[in-house]
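Biologist: I am new to this structure. Could you please show it to me before we begin?

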Amino acid sequence: MKLRRVVVTGLGALTPIGNTIQEYWNGLINGVSGAAPITYFDASKFKTQFACELKNFNVEDFIDRKEARKMDRYAQYAMVSSDEAMKDANFDLDTIDKDRAGVIWGSGIGGLETFQIEVLNFAAGDGTPKFNPFFIPKMIGDIACGHISIKYGFRGPNFGTVSACASSTNAIIDAFNYIRLGHADVMVTGGSEAAVTIAGMGGFNAMHALSTRNDDPKTASRPMDKDRDGFVLGEGAGALILEEYEHAIARGAKIYCEIGGGGMSADAHHITAPHPEGLGAKNVMLNCLRDAGLQPTDVDGVNMHGTSTPLGDLAESKAIEQVFGDHAYTMNLNSTKSMTGHLLGAAGAIETISSILSLKYGIIPPTINHFTDDENINPKLNFTFNVAQKRDVKVLMSNTFGFGGHNACVLVKKLDF
């Protein structure tokens with residue numbers, strides 16, 4: 001069976017450094033930090049009192065108030081970013097075959113805030129079960145793709161992916177496979193997350209996963225820096241429209257790039273810690289290259305998972321050297337989490353979008369907040385520290401790794417590569 005080619009024809013983003021694709025890209029190349037004190041609740045008693053929240057976002061600018069109240073924030077974010085991507089793709093919805101258009105969406109946690117609110121309200125009462133009738137459909141992790149499909153009438157493959165911080169990368173890979181195997185022509189894919197909540201912050205603090213640099217939030221996310229002390233929690237969404245190549249050409253679509261391949265693996269090591277030698281990270285990149293039919297020397301750069309945790313950054317750096325050998329020292333590596341924070345299940349989507357925009361504009365966004373080299377990380381690796389770098393890039397990879405040892409990697413390439 002000949003596999004069909006899959007291209008990207010639409011993008012949408014809602015991030016802590018920009019509420020549209022163009023704002024997001026401007027924030028990336030200018031090294032903007034999205035970290036600031038938490039405004040959603042009183043975090044004064046928390047170990048970590050800051051996060052990467054959305055800025056100047058009012059859902060009622062995009063969704064009717066009555067409808068928005070039926071959605072958790074994670075689903076609202078999904079609707080807003082997917083709407084931007086659909087408009088960018090510029091479909092004629094009257095002529096598209098909606099039985100061959102679907103939605104696969106990722107979220108690591110789903111409606112955490114909705115769950116938190118309902119449980120706290122019950123605990124504050126007299127024991128009488130008084131729950132919002134929208135409690136369950138607001139909370140469940142698959143409801144975002146349901147909302148998107150209802151809005152556009154897409155009746156093709158429709159489901160949610162959950163693999164912690166790899167969720168939206170897995171969603172992209174699944175959507176890619178459904179198209180290239182002939183099960184669909186168009187897929188809306190990506191991911192969203194809204195875990196900046198009392199439960200989210202408290203839970204990650206209890207794990208000692210978050211930075212506690214409360215005196216200087218903007219520099220708290222420090223991937224590959226010697227003094228990194230954990231990740232900064234972020235929120236938002238990223239959406240991509242994937243389309244079969246001939247389908248896109250036939251309608252005269254604007255094409256950003258081609259999806260070259262996707263890789264998956266498991267660490268099979270620990271529920272939260274990465275394999276110390278980066279075994280799962282190594283395997284997922286090799287699997288991605290094998291799927292794409294490319295050699296390590298074909299890759300111009302990697303948007304790393306790079307969360308700013310002591311163990312994770314070191315293991316991923318080791319894995320990159322194992323996969324790429326001496327070529328690793330000629331590539332551009334970067335971690336955009338230094339600016340956006342860690343969007344958990346949505347991270348893969350916005351970071352794949354960053355890679356796609358790098359292909360378009362020939363610029364690699366920086367890894368900001370680098371102050372001190374880590375003697376355990378090879379200084380020959382170019383992490384694109386602090387300042388964006390211009391580069392003619394044709395092939396880029398994006399890594400995402402999740403609790404449970406889930407690893408996913410997607411490769412994007414210029415159409416003529």
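Biologist: Which elements each supply at least two residues of the lining of the largest cavity?
Modeller: Strand E9 (301–303), strand E10 (332–334), H13 and E13 each do so. Helices (H or I, at least four residues) and strands (E, at least two) are DSSP runs, numbered from the N terminus. Please note that this is a predicted model, in which local features need pLDDT of at least 70, side-chain atom pairs count only at pLDDT 80 or more, and totals for chains, interfaces and linings use all residues. Residues are numbered from 1 along each chain as its sequence is written, and side-chain values use heavy atoms, with hydrogens and water left out.

Biologist: What volume does that largest cavity have?
Modeller: The volume of the largest cavity is about 50 Å³. On a 1 Å grid over the protein atoms alone, a cavity is a set of points where a 1.4 Å probe fits but cannot get out, while a pocket is an open set with protein on both sides within 12 Å along at least five of seven lines; lining residues have an atom within 4 Å of a point. Grid points are joined across faces, edges and corners, and a volume is the space filled by probe spheres set on the points.

Biologist: What classes of residue line the largest cavity?
Modeller: Its lining has five nonpolar, seven polar and no charged residues. Here Ala, Val, Leu, Ile, Met, Phe, Trp, Tyr, Cys and Pro count as nonpolar, Asp, Glu, Lys and Arg as charged, and the others, Gly among them, as polar. The lining includes Asn303, Ser358 and Met397.

Biologist: And the largest pocket, what is its volume?
Modeller: The largest pocket has a volume of about 540 Å³. It is lined by 34 residues, of which Thr272, Pro274, Thr309, Gly312 and Phe403 are the closest to its centre.

Biologist: Which helix gives the most to that lining?
Modeller: H11 gives the most to the lining of the largest pocket, with six residues. By class, this lining comprises 14 nonpolar, 16 polar and four charged residues.

Biologist: Back to H13: at what angle does H7 pack against it?
Modeller: Helix H7 (residues 167–180) and helix H13 (residues 347–361) pack at about 65°, with their axes 5 Å apart. Axes are lines fitted to C-alpha atoms, for helices over the stretch in contact, and angles run from 0 to 180 degrees between N-to-C directions.

Biologist: Which residues of H7 make the contact?
Modeller: Ser168, Thr169 and Ile172 of H7 make it, together with Ala347, Gly348, Ala349 and Thr352 of H13. Contact means heavy atoms within 4.5 Å.

Biologist: How do H1 and H13 cross?
Modeller: The axes of helix H1 (residues 21–29) and H13 cross at roughly 80° and come within 11 Å. In H1, Trp25 and Leu28 are among the residues that meet H13. The contact of H1 with H13 has eight nonpolar, three polar and one charged residues.

Biologist: Finally, how many helices and strands does the chain have?
Modeller: The chain has 13 helices and 14 strands.
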